[in-house]
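Trainee: Could we go through this one together? I'd like to practise reading a structure residue by residue.

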Amino acid sequence: MMAPTHVTIGLSIAAVMSSVAPFGLAPVVGGLVGSIVPDLDLFVGNHRRTLHFPVLGWLPALVASVVAWIVPSLITVCLAVGAVAFALHAVVDIAGAGEELRPWERTNPLAVYCHACGRWFRARYWVRYDGAPEDLGLTLAFALPVLWVYDGWIVLVAIAAVVVGAVYAVVRRRVPEYIASASE
């Protein structure tokens with residue numbers, strides 16, 4: 001999945017939390033940070049292995065959610081939403097393609113490494129590749145609850161995610177050509 005999809009998923013989790021009980025910006029911060037942090041392994045470590053935990057990520061998400069339910073506060077809610085967004089990120093990546101420059105060619109079926117299993121989970125290709133029309137559709141769908149619940153800059157972040165996702169979807173299949181010409 002593309003980063004804008006992860007962002008709108010994190011914001012959507014925050015919107016659900018905020019519609020149940022208002023905690024100000026805590027759920028938004030948690031949703032944004034939790035949805036983005038796993039992809040930091042693009043820069044440090046091995047992408048979709050170092051910071052992606054499709055099984056083990058749910059343990060801290062469960063613990064943080066129970067703590068937030070028992071002791072609701074800005075910090076516990078922020079951590080719970082962030083932990084759920086973090087755990088969900090890896091699971092959502094499994095629904096997409098493998099980690100490759102031209103994922104529509106399906107040359108690498110490895111989606112996300114499972115530390116608990118000691119092996120890679122295979123890509124499901126329910127979303128054919130990052131930036132595919134169905135990926136953009138998910139970005140838009142997960143932005144809708146954000147538009148319904150929030151206003152101001154949070155709505156602008158959701159709209160920006162949809163716009164960035166749309167631009168990326170338009171150019172995605174040409175990205176390998178751009179990279180090849182840039183390296184010449």
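Trainee: Let's start with R48: is it buried or exposed, and what is its relative accessible area?

Mentor: Keep in mind that this is a predicted model. To count as buried, a residue has to be under 20% relative accessible area. R48 makes that cut, so it's buried, with a relative accessible area of 5%.

Trainee: Okay, and what is the phi of R48 near?

Mentor: First, some background: most residues other than glycine have a negative phi. R48, which sits in the loop between helix 2 and helix 3, isn't a glycine, yet its phi is positive. The value is near 65 degrees.

Trainee: Which side chain of opposite charge is nearest to D39?

Mentor: D39 is in the loop between helix 2 (26-36) and helix 3 (58-70). It's buried but has no salt bridge. A salt bridge needs the right atoms within 4 Å, and the nearest side chain of opposite charge is 5.9 Å away. That side chain belongs to R48.

Trainee: So which side chain does the side chain of D39 make a polar contact with?

Mentor: Leaving out residues up to four places away in sequence, D39 touches H6, H47, H52, H89 and D93. One of these gives a side-chain to side-chain polar contact at 3.2 Å, and that's H89.

Trainee: Last one: what is the phi of Y125?

Mentor: Find Y125 in the loop between strand 2 (119-122) and helix 5 (133-149). Y125 counts as buried, at 13% relative accessibility. Although Y125 is not a glycine, its phi is positive, at about 60 degrees.

Methods:
Residues numbered from 1 in each chain as written. Predicted model: local features only at pLDDT ≥ 70, side-chain atom pairs only at ≥ 80, totals over all residues. Heavy atoms only, no water. Helix = DSSP H or I, 4+ residues; strand = E, 2+ residues; numbered from the N terminus. Buried < 20%, exposed > 50% of the residue type's maximum accessible area, 1.4 Å probe, protein only. Lys, Arg positive; Asp, Glu negative; His and termini not counted. Polar contact = N/O pair within 3.5 Å; in protein donor to acceptor, adjacent residues only side chain to side chain. Contact = heavy atoms within 4.5 Å.
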